[in-house]
Amino acid sequence: MPRLDVRDVPPSERHPMIHEAFEQLDVGETLTIVNDHEPKPLFYEFQAEVEAFDAEGYAAEKAGPNQFEAEFPKE
């Protein structure tokens with residue numbers, strides 16, 4: 001499962017980097033994002049703009065202090 005840690009990436013560069021990584025996935029794969037906050041705005045952005053995003057399969061959990069892991073599945 002592809003994993004992308006964006007905690008050290010400048011905020012303005014995170015969404016484009018995540019979109020690019022998601023586009024490279026095959027159908028049925030899931031991109032795991034490691035972030036310093038729950039990526040709810042990104043979830044809503046994907047839900048509205050990315051047809052291949054499986055919103056029902058999205059999951060996010062706090063994995064530690066300043067660490068959230070979110071799964072973005074592609075259908």
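Leaving aside neighbours within four places in sequence, A52 is in contact with F22, P73, K74 and E75, and the place of this residue is in the loop between α2 and β3 (59-64). A52 counts as partly exposed because its relative accessibility is 23%, while buried would require under 20%. The C-alpha atoms of A52 and D26, which are 26 residues apart along the chain, are separated by 10 Å. The model described here is a predicted one, and the points below go from the whole protein to its helices and then to single residues.

**The protein as a whole**

- The secondary structure of the protein comes to two helices and four strands, and these elements follow the pattern β-α-β-α-β-β when read along the sequence.
- For a chain with 75 residues, a compact globule would have a radius of gyration near 11 Å, and the protein agrees with this because its own value is 11 Å.
- Taken along the principal axes, the box that the C-alpha atoms of the protein fill is roughly 30 × 25 × 20 Å.
- Of the 75 residues of the protein, 39% count as buried, and the protein exposes about 4,600 Å², of which carbon and sulfur atoms supply 45%.
- Among the contacts in the protein with a separation of 6 or more, 60% are accounted for by residues 24 or more positions apart.
- The protein has 6 positive and 18 negative charges, and the mean positions of these two groups are 8 Å apart.

**Helix α1 and its two sides**

- Helix α1 covers residues 11-23, and its buried residues are R14, I18, H19 and F22.
- These buried residues cover an arc of only 120 degrees around the axis, which puts them on the same side of α1.
- A general rule helps in reading such a pattern: an α-helix has 3.6 residues a turn, so residues three or four places apart point the same way.
- On the other side of α1, the residues S12, E20 and E23 are exposed.
- What covers the buried residues of α1 includes the strands β1 (3-5), β2 (30-35) and β4 (67-73), together with the helix α2 (40-49).

**Helix α2 and its two sides**

- The buried residues of α2 are L42, F43 and F46.
- Because these residues cover an arc of only 105 degrees around the axis, they are on the same side of α2.
- On the other side of α2, the residues P41, A48 and E49 are exposed.
- The cover over the buried residues of α2 includes α1 and β4, just as α2 and β4 are included in what covers the buried residues of α1.

**Residues in the strands**

- T30 has its place in strand β2, and this residue counts as buried because its relative accessibility is 16%, where the cut-off for buried is under 20%.
- Leaving aside neighbours within four places in sequence, T30 is in contact with M1, P2, L25, E71, F72 and P73.
- F68 lies in strand β4 and counts as buried, with 18% relative accessibility.
- With neighbours within four places in sequence left aside, the contacts of F68 are I33, V34, N35, D36, H37, E38, E61, K62 and A63.
- D5 lies in strand β1 and is partly exposed, with a relative accessible area of 40%.
- Although D5 and F68 are 63 residues apart in sequence, they are 9.9 Å apart in space, C-alpha to C-alpha.

**A loop residue with a positive phi**

- N66 lies in the loop between β3 and β4, and its phi is near 55 degrees, which is a positive value in a residue other than glycine.
- N66 counts as exposed because its relative accessibility is 57%, where the cut-off for exposed is over 50%.

Methods: Residues are numbered from 1 along each chain as its sequence is written. This is a predicted model: local features need pLDDT of at least 70, side-chain atom pairs count only at pLDDT 80 or more; totals for chains, interfaces and linings use all residues. Side-chain values use heavy atoms; hydrogens and water are left out. Buried means under 20% relative accessible area, exposed over 50%, partly exposed in between (1.4 Å probe, protein chains only). The arc is that of the directions from the helix axis to the C-beta atoms. Contact means heavy atoms within 4.5 Å. The radius of gyration is taken over C-alpha atoms; the globule rule is 2.2 Å times the number of residues to the power 0.38. Accessible areas come from the Shrake-Rupley method with a 1.4 Å probe; for residues, only the protein chains shown count as cover. Lys and Arg count as positive and Asp and Glu as negative; His and the chain ends are not counted. The place of a charge is taken as NZ of Lys, CZ of Arg, CG of Asp or CD of Glu.
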